[in-house]
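Q: Please take me through this structure slowly, one feature at a time, and tell me how each should be read.

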Amino acid sequence: MNKKRQRVYVAAAAAMAILTATAEDLRTEVVVERTVEPQERAATRLSGVVPDMVTRSVTPTQLSYAEYSYASELTALIARLDPARYSSIPARSPYRGYAAIGYFPLLNIGATAGYRIIDNDKTMLGLHAQYSGSQYDGYADAVGTKPKVKNHSVGVTADFSHHFSAVSALGIGADFGYTALGNPLYGADYKQNVTRFDATAEWTSQVGRVGYGVNAGVGVMGFSKDMPLAAYGAGVSAPGVSETRISGGAGVAYLSAKGQPIAGLKLSADFVSSDDALPTYYGEASAAAVQRPTLGVISLTPYYKLKYQRFTASLGAKIDISTGGEGKKFHVAPDVVLGLDAASQCGVYVRLGGGEHLNTLRSLYDYTPYMPSAWVYGRSHVPVTVDAGINIGRFGGFGVELKGGYAVANDWLMPIMAFGEGVTPMFASVNLKGFHYGARLSYEHKRYFEAYASVEGAPQKYDRGYYQWRDRAKIVVSGGVTVHPIERLDIKVDYNYRGSRRIYSATPGEMSAGTPKTEELGSVSELSLGATYKINEKVTVYARGENILGHRYDIYPGLPSAGVHGLAGVSLKF
């Protein structure tokens with residue numbers, strides 16, 4: 001690598017560390033020596049909905065929730081060249097563009113392409129476009145007709161980065177998306193269009209051993225129509241709700257000689273406003289819209305990091321000031337990670353967190369695109385989360401992780417079926433608290449294969465459970481094997497299971513009395529098989545079948561997941 005460029009990368013990476021937590025969509029990852037990497041699993045949308053070919057290049061500023069079920073592994077199957085990303089330091093590549101296309105009957109289609117228009121030591125400008133579509137049969141209606149569940153999405157991304165010096169960098173990104181949905185839960189002919197746009201900018205720099213940075217973002221999202229409610233009249237839908245989100249952040253840190261933050265201060269501000277929408281408190285939904293005030297969260301996080309022999313600590317506190325809406329306006333939550341490298345191949349960690357959360361339309365849409373479009377929601381508050389674990393290995397290729405935790409979440413949004421306006425899915429604010437636990441065993445052969453198996457669990461009641469599992473699963477099991485029989489061929493098998501999934505349902509009176517009922521959603525039981533073959537450095541062919549056993553479960557009662565689906569195609573770098 002060009003030495004000048006290498007210096008730019010190292011300095012920029014240190015500067016970016018200052019802003020690591022100022023945008024709420026970024027995941028917390030703390031590395032303690034070699035073996036301790038406590039990291040929250042990234043939020044994903046439902047795996048049974050549509051097999052996305054690739055993830056979006058520009059991650060919008062958003063709150064993220066834990067996964068409903070596991071994501072498709074199709075991303076890893078496509079050998080593509082990522083466009084330049086403003087929020088990271090991309091590696092140079094001899095190729096400036098990529099394209100891929102895939103198809104799977106009856107209707108799963110994916111196509112993506114990207115190109116770096118500018119690609120040199122200081123400046124990168126990339127464009128990226130993607131289409132993904134799926135269609136499958138829903139449950140049969142009273143006359144035996146099976147309405148279609150449809151999801152067609154188009155996205156276009158542009159991102160730009162420029163390094164003014166070895167320590168100063170500017171990044172700008174924009175992302176536009178359009179989705180057309182067919183949701184038989186609201187009628188065989190019900191169609192919904194969703195439009196979204198996000199733009200972000202970041203600046204990082206350094207003076208001596210003091211690093212600093214600022215960022216800003218704006219996001220707009222809207223639905224074309226509301227769900228049809230009885231109050232509107234038979235078959236009538238009102239205009240859909242929309243929202244605008246504005247965010248910003250700044251950070252300053254004192255850096256070590258190696259460019260790692262020792263102490264610092266992070267500031268973030270997030271505001272969301274929406275047009276008129278239905279009231280969000282359960283039991284009073286009607287056709288009469290209300291104006292929700294602009295809601296905001298301003299967060300200040302001072303922190304100090306230390307290391308003594310085998311012990312590492314990051315000590316901080318997240319101070320949240322809320323604006324608009326109801327509830328307390330001032331909260332303090334811990335932001336602490338402790339790690340002990342107990343032995344050369346054994347690490348222990350403890351992490352404490354929490355904070356205020358804005359429940360944006362975008363965050364709920366990323367949980368499931370078939371979310372209700374009638375309501376907007378207030379804030380949720382997480383007083384405290386505690387996670388602890390131990391990582392052991394690798395010994396002879398084996399690795400073991402044991403983990404557990406406890407969390408309290410107030411006014412957390414959980415799916416519910418409301419019967420006051422017919423069978424209507426929505427989100428209800430629930431005060432949740434509970435334990436969760438898990439274990440993972442993995443093995444990696446030097447040459448031929450890798451394998452893993454994991455199990456996680458969480459006791460569940462209406463007000464007890466792990467707040468990040470919105471489907472209220474009691475047990476989650478997953479496993480997979482990747483085999484490399486020859487140099488250019490990879491074969492992968494995955495299995496994912498989520499058991500005892502349920503959703504609560506109630507009339508307004510039952511909810512007020514605290515006597516909601518439960519409806520089973522069915523267990524997720526998905527076996528997937530895929531393979532990639534690299535013809536040469538530029539061309540790769542791939543095929544993957546998702547849920548090849550055809551097991552179906554409910555996203556909401558009455559709205560099934562897809563059966564067998566997948567993608568097969570070819571990708572090209574140029």
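A: We begin with the words for the parts: helices, of at least four residues, and strands, of at least two, are runs assigned by DSSP, and they are numbered from the N terminus. Please keep in mind throughout that this is a predicted model.

Q: With those names in hand, where is Arg 472 found?
A: Arg 472 belongs to the loop between E17 and E18. Those flanking strands, E17 (residues 449-457) and E18 (residues 475-486), pair in the antiparallel sense over nine bridges, and one of the bridges sets Ala 451 against Val 481 in E18.

Q: Is Arg 472 buried or exposed?
A: The general idea is that a residue counts as buried when its relative accessible area is under 20%. Arg 472 is therefore buried, since its relative accessible area is 2%.

Q: What is said about the phi of Arg 472?
A: As a general idea, most residues other than glycine have a negative phi. Arg 472 is not a glycine, and yet its phi is positive, at about 60°. Asp 411 is another non-glycine residue with a positive phi, of about 55°, but this residue lies in strand E15. Asp 411 counts as partly exposed because its relative accessibility is 39%, which falls between the cut-offs of 20% and 50%.

Q: Which peptide bond is cis?
A: Here too there is a general expectation, namely that most peptide bonds are trans. The bond from Gly 393 to Arg 394 is cis, with omega near 20°, and Arg 394 has its place in strand E14 (residues 379-395).

Q: What do E18 and E19 form?
A: When two strands are joined, it helps to ask in which sense they run and what lies between them. E18 and E19 form a hairpin that has two residues between its strands. Ten bridges join E18 to E19 (residues 489-499), and the two strands run antiparallel; in one of these bridges, Thr 482 has Lys 492 of E19 as its partner.

Q: In which sense do E15 and E20 pair?
A: E15 and E20 pair in the parallel sense, over three bridges, with Ile 416 standing opposite Tyr 504 in E20. By contrast, E20 and strand E21 (residues 517-520) pair in the antiparallel sense over four bridges, and there the bridge partner of Tyr 504 is Thr 518 in E21.

Q: How many residues of E20 are buried?
A: Five of the five residues of E20 are buried, so the strand is mostly covered. To read the side chains of a strand, one asks which way each of them points. Arg 502, Tyr 504 and Ala 506 point one way from E20, whereas Ile 503 and Ser 505 point the other way.

Q: With which residues is Arg 502 in contact, leaving aside neighbours within four places in sequence?
A: Arg 502, which lies in strand E20, is in contact with Asp 471, Arg 472, Lys 474, Thr 518, Glu 519, Glu 520 and Leu 521. Arg 502 counts as buried because its relative accessible area is 17%.

Q: Which residues touch the most other members of the largest nonpolar core?
A: A core is read by looking for the members with many partners inside it. This core has 34 residues, and those touching the most other members are Phe 223, Leu 361, Met 371, Tyr 377, Phe 427, Tyr 556 and Leu 559. Among the elements that give two or more residues to this core are strand E7 (210-223), helix H3 (361-367) and strand E20 (502-506). Apart from this core lies another, of 13 residues, including Ala 409, Leu 432, Tyr 467 and Val 476.

Q: Which residues make the nonpolar surface patch of about 640 Å²?
A: Nonpolar side chains can also be looked for at the surface. The patch is made by Val 154, Val 156, Phe 176, Tyr 178, Phe 197, Val 218, Val 220 and Ile 246. Strands E4 (148-163), E5 (169-182) and E7 each give two or more residues to the patch, while Ile 246 has its place in strand E8.

Q: How far apart are Gly 249 and Gly 217 in sequence and in space?
A: Separation along the chain and separation in space should be read as two numbers. Gly 249 and Gly 217 are 32 residues apart in sequence and 9.1 Å apart in space, C-alpha to C-alpha. Gly 249 is in strand E8 (residues 242-255), and this glycine counts as buried because its relative accessibility is 11%.

Conventions. Residues are numbered from 1 along each chain as its sequence is written. This is a predicted model: local features need pLDDT of at least 70, side-chain atom pairs count only at pLDDT 80 or more; totals for chains, interfaces and linings use all residues. Side-chain values use heavy atoms; hydrogens and water are left out. A nonpolar core is a set of buried Ala, Val, Leu, Ile, Met, Phe, Trp, Tyr and Cys residues joined through side-chain atoms within 4.5 Å. Buried means under 20% relative accessible area, exposed over 50%, partly exposed in between (1.4 Å probe, protein chains only). Contact means heavy atoms within 4.5 Å. Two strands pair if DSSP finds at least two bridges between them. Patches are made of residues with over 30% relative accessible area and no salt bridge: like charges are joined within 9 Å, nonpolar side chains (Val, Leu, Ile, Met, Phe, Trp, Tyr) within 5 Å. Accessible areas come from the Shrake-Rupley method with a 1.4 Å probe; for residues, only the protein chains shown count as cover. A salt bridge is a side-chain nitrogen of Lys or Arg within 4 Å of a carboxyl oxygen of Asp or Glu.
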